[in-house]
Amino acid sequence: MDAVVYKGEHEVAVEEVDEPEIEHPNDVIIDITTTCICGSDLHMYEGRTAAEPGIVFGHENMGIVTEVGDAVSDLEEGDRVVAPFNVACGFCENCENGYTGFCTNVNPGFAGGAYGYVAMGPYKGGQAEQLRIPYADFNALKLPEGDEHEDSFALLADIFPTGWHGTELANLEPGDSVAIYGAGPVGLMAAYSAKIKGAAEIYSVDRVPSRLELAEEHCDATTINFEEGDPVEQIMDEHGGEVDKGVDAVGYQAIDPEKEADDAYDPARENPAVVLNNLIRTVKPTGELGIPGLYVPEDPGAPDEMAAQGRLGIDFGLLFEKGQKLGTGQCNVKSYNRELRDLIIEGRADPSWVVSHRVGLEEAPEMYQAFDDREEGVTKVLLEP
């Protein structure tokens, strides 16, 4: 079958790989109908992880069940499903407590597993024609038959729950004001989640005009372009002071507007602590910060030696002085995906507006490059094998 294979820094190719097989009685095989390119994939694509050539990418996957293991009891051939990017067993202590992003059984020596991602276990990605879903009764979420809401349901694998997770980590409540740094797919979903939850004011911070336009149009956000001035000062001027809550939807490859370079996304402009420090300044004393943005213990392409070891220069003294709380970690998708699915079914939510491209799998190399270049109008790319 065809699949998107990592070849090396800034290079992927669509190549023929082995088809998946049932490896355990609780596995299912699905024919992929939609798989997505994620901003997290770009970290590997850019050579900013320990990923080795040969990995099949793709952790945002949905499709139709075509083969069912003997022990599967809740799924049958023909079922339409979406898989959380987390691979989880369902019965370890963390899974039982709802922390499926930190399963201790699926990836020995590490808390958490995922499809098609470095260090996240032996699970091939779904940017391919087929995918094996392990522990399928637990991991596969059933969807209505047919192809209705295909784009929206595909976002249940990661970015819609992850955006929601950012607001949960910040303990966002109705009537709160919130600043969301980053208007990529997760940041936009965090702003959309804040709107659904009844936030009084939403501030969306980025530098890409098309992304900020989406935040304003679909999330009722006040947009802040950090290239036009200190985003903290812009927010405080607009709001009249610090906001209640904050979300970091950027992560360790954050751009520092104070740094100059020939290209807007030159690594020389990176400062992996800048968003965290801006959030500490932006959020009021005793406020809360949600940090779903990705941070890593090692970064081969870091701007300095300390950051290469995952150590950041955070203004902890100010954080302590302001008595702020923070929540971190990847999303436990199963904590949210069923309810978000039902919001979509009932017409209460429709996150499909974030999708900018739906293309064939063979166009993946071009779309990876366009997404990595932050081209105008490229927000969320869906691949269709």
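**Note on the predicted model: backbone outliers, salt bridges and helix α6**

1. Strand β14, which runs over residues 283-291, is the place of Thr286. The model is a predicted one, and in it Thr286 has a positive phi of about 70° although it is not a glycine. As background, most residues other than glycine have a negative phi. Thr286 counts as exposed because its relative accessibility is 57%, the cut-off for that class being over 50%.

2. A second residue to inspect for its backbone is Arg374, which is likewise not a glycine and has a positive phi of about 55°. Arg374 is found in the loop between α13 and β17, the latter covering 381-384, and its relative accessibility of 22% means that Arg374 counts as partly exposed.

3. Helix α6 comprises the 13 residues 185-197, and at 1.5 Å a residue it should span 18 Å; the C-alpha atoms at its ends are 18 Å apart, so the expected and modelled values agree. Just after α6 comes Gly198, which takes a positive phi of about 95°.

4. How much of α6 is buried? Of its 13 residues, 11 are buried, and α6 is therefore largely enclosed by the rest of the structure. Among the buried residues are Pro185, Val186, Leu188, Met189 and Tyr192, as well as Lys197. The elements against which the buried residues of α6 pack include helices α5 (159-169), α7 (209-219) and α13 (364-372), together with strands β10 (177-181), β11 (201-206) and β13 (243-248).

5. Over the whole structure, a search finds 21 salt bridges. One of the pairs is formed by the side chains of Arg358 and Asp151, with an N to O distance of 2.7 Å. This pair links distant parts of the chain, since Arg358 belongs to strand β16 (residues 357-360) and Asp151 to helix α4 (residues 150-154), and the two are 207 residues apart. Both partners can be classed by accessibility: Arg358, at 31% relative accessibility, counts as partly exposed, and Asp151, at 22%, counts as partly exposed too.

6. The side chains of Arg207 and Glu227 also meet in a salt bridge, at 2.9 Å from N to O. Here the pair again links distant parts of the chain, 20 residues apart, with Arg207 in the loop between β11 and α7 and Glu227 in the loop between β12 (222-225) and α8 (231-239). Glu227 has a relative accessibility of 33% and therefore counts as partly exposed.

7. Which residue forms a salt bridge with Asp230? The partner is Arg281, and the closest N and O atoms of the two are 3.0 Å apart. Arg281 sits in helix α9 (residues 274-282) and Asp230 in the loop between β12 and α8, so that the pair links distant parts of the chain that are 51 residues apart. Arg281 counts as partly exposed at 30% relative accessibility, and Asp230 is partly exposed with a relative accessible area of 22%. Elsewhere, Glu23, Asp27 and Arg132 are joined into one network by salt bridges that share partners.

8. On annotation, an unreviewed UniProt entry places the feature "domain: Alcohol dehydrogenase-like N-terminal" at residues 25-137, and this assignment comes from that record, where annotations may be inferred rather than shown by experiment. In the model, the end C-alpha atoms of residues 25-137 lie 11 Å apart, and the span is 12% helix and 27% strand.

How values were computed
Residues numbered from 1 in each chain as written. Predicted model: local features only at pLDDT ≥ 70, side-chain atom pairs only at ≥ 80, totals over all residues. Heavy atoms only, no water. Helix = DSSP H or I, 4+ residues; strand = E, 2+ residues; numbered from the N terminus. Expected span 1.5 Å × (residues − 1). Buried < 20%, exposed > 50% of the residue type's maximum accessible area, 1.4 Å probe, protein only. Contact = heavy atoms within 4.5 Å. Salt bridge = Lys/Arg side-chain N within 4 Å of Asp/Glu carboxyl O.
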